[in-house]
Amino acid sequence: MKYWYKILSVLLILYTIFWGLLGPVPRLDILNETIRNVYYHVPIWFAMLFQMSVSIWFAIKYLLSNNPDDDMKSFNAAKVGFFFSVPGILTGCLWAKYTWGTYWTFQDPKLNGVAIGILIYLAYFILRNSIIDELKKARISSVYNVFAYVMLIVFIMILPRLTDSLHPGNGGNPAFAKYDLDSNMRLVFYPAVIGWVMLSWWILEINNRFSKLKSKQND
Amino acid sequence: MNLAPINNLIKKEFLLEFRQKASLGGMLVYVAGTVFVSALCFTGKIHTHEWNALFWIILLFASVTISSKSFLKESKGMGLFNYAYYSPRHFILAKIIFNMALMLVVSLFTLFFYIWFVGGVIQNFPLFFVTLVLSSTGFAGVLSLMSAIASKASNNFALMSILSFPVLMPMIMVSIRLSKQAIDGLNWAVSYDFLLILAALNVLVIMLANLLFPYLWND
């Protein structure tokens, strides 16, 4: 049955929303109850990263195959990934306000990495919109997609060497690394990651079908 | 690999550049003017490390300006000739080498004006110079490819900067760190790590440009 993952994703997310709020969590300094954000904020980022990886996968595939379908999928995945970055950044900002006392700080490599990632995908959308010819648009934006993704990954790898992270678990802060030991949290966190990633896949599928219908209508 | 075509292409680039002396001269006046205006505005208000960051911002804008016309000056007929006569890999390599030389010249000029107007405070000059060489190479690698992309789209300067700023960020941040260490006169041993990162970034960028440019070439 091809609907199973859709039903499962909804069930998993509903479960994590409720049990994430009700379930027991360890008492940690500074974090206190805000540790529950790990059930919402982190899985949303995972979904975004997953979509960005899907996007570059299809971009490479397009460059090798020249099949317009691949480009369409790559573009849609970038769109969905970008869509997930909004709740990701909002949940992060709110959480930061309560734990770090500010909505945004430049002292944290994860924040900087995400900001650069969002700028890169905005640039990708603008690039796509500034080219009219469909084939040209597909080829050029795929090239940029591949290049930008690699640079983003490199950036994320280099950044922690430049500034120490404020994120829990880094630089001596109270740690989510401990949740690996806390089996109660693991019971919510892993289903949440799987649920959000599957939901993002579902959204991508809908987008792809929509684009296909649209291109058929145009033909 | 046969080096003769690359040689010819680089020779052609230099010939074209020196035939239009106004463009290189304009670039030098541009950085001189920017440095002078910055010195006028900021003297007494900011200190060594802020000057360092400002230096890289000026270089960033200058590099983007230099390279944005790198593919624009290829006329239509010229493009066809290049397409028939050269391989894309040779072509992009020649562009990168030429842009690197140009950026090194411009950054040395910027440094010269900086020392003139702001004052020389660099304690480990060789390290600063190596940083400049490495970053010019990296900038040239990224910006040559971005300029090729922007020239295929409706080429405007804004698009060029939108595409390249986020992608250049890793290099800029490592370079700022390195030049800060050079200004503070730290030992070479402290900087090996970052020098290695910058060199690795250069290799990666040039490889990526070589891999991806052929896809931009044939249309």
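N66(A) sits in the loop between α2 (41–65) and α3 (68–99) of chain A. This is a predicted model, with ipTM 0.86 and pTM 0.86. Chain B comes to 8 helices and 0 strands. The contact between chains A and B pairs 23 residues of chain B with 23 residues of chain A.

**The loop at N66(A)**
- N66(A) is not a glycine, yet its phi is positive, at about 60 degrees.
- Most residues other than glycine have a negative phi.
- The positive phi of N66(A) comes just after α2(A).
- N66(A) counts as partly exposed because 14 other C-beta atoms lie within 10 Å, between the limits of 12 or fewer for exposed and 20 or more for buried.
- The helix α2(A) has 25 residues. From its first C-alpha to its last, α2(A) reaches 36 Å, close to the 36 Å expected at 1.5 Å a residue.

**Chain B: fold and dimensions**
- Along the sequence, chain B reads α-α-α-α-α-α-α-α.
- The radius of gyration of chain B is 18 Å; a compact globule of 219 residues would have one near 17 Å, so the two agree.
- Along the principal axes, the C-alpha atoms of chain B fill a box of roughly 55 × 35 × 30 Å.
- Of the 219 residues in chain B, 42% count as buried.
- Take the contacts in chain B with a separation of 6 or more: 86% of them join residues 24 or more positions apart.

**K12(B)**
- K12(B) belongs to helix α1 (residues 4–19) of chain B.
- K12(B) is partly exposed because 14 C-beta neighbours lie inside 10 Å, where 20 or more would make it buried and 12 or fewer exposed.
- K12(B) and F98(B) are 86 residues apart along the chain, while their C-alpha atoms are separated by 9.8 Å.

**The side of chain B that touches chain A**
- In the contact between the chains, 23 residues of chain B meet 23 residues of chain A.
- On the chain B side, the elements giving two or more residues are α6 (125–152), α7 (157–183) and α8 (188–217).
- The largest share, 10 residues, comes from α7(B).
- By class, this side of chain B has 19 nonpolar, 1 polar and 3 charged residues.

**The nonpolar core**
- The largest nonpolar core has 112 residues.
- Those with the most contacts inside this core are Y144(A), F147(A), A148(A), L145(B), I149(B) and L163(B).
- Residues up to four places away in sequence aside, I149(B) touches I140(A), V143(A) and Y144(A) in chain A, and L163(B) and L216(B) in chain B.
- In soluble globular proteins, nonpolar side chains tend to be buried together.

**Confidence**
- Chain B averages a pLDDT of 86, and 96% of its residues score at least 70.
- Within chain B, helix α4 (residues 76–85) has the lowest confidence, at a mean of 72. The highest in chain B is α6(B), at 91.
- Chain A averages a pLDDT of 83, and 89% of its residues score at least 70.
- Within chain A, helix α1 (residues 4–22) has the lowest confidence, at a mean of 83. The highest in chain A is α2(A), at 91.
- Where pLDDT is low, the predicted coordinates should not be read in detail.

Notes. Residues numbered from 1 in each chain as written. Chains lettered and ligands numbered in written order. Predicted model: local features only at pLDDT ≥ 70, side-chain atom pairs only at ≥ 80, totals over all residues. Core = buried A, V, L, I, M, F, W, Y, C linked by C-beta atoms within 7 Å. Contact = placed C-beta atoms within 7 Å. Helix = DSSP H or I, 4+ residues; strand = E, 2+ residues; numbered from the N terminus. Rg over C-alpha atoms; globule rule 2.2 N^0.38 Å. Nonpolar A, V, L, I, M, F, W, Y, C, P; charged D, E, K, R; others polar. pLDDT = per-residue confidence, 0-100. Expected span 1.5 Å × (residues − 1).
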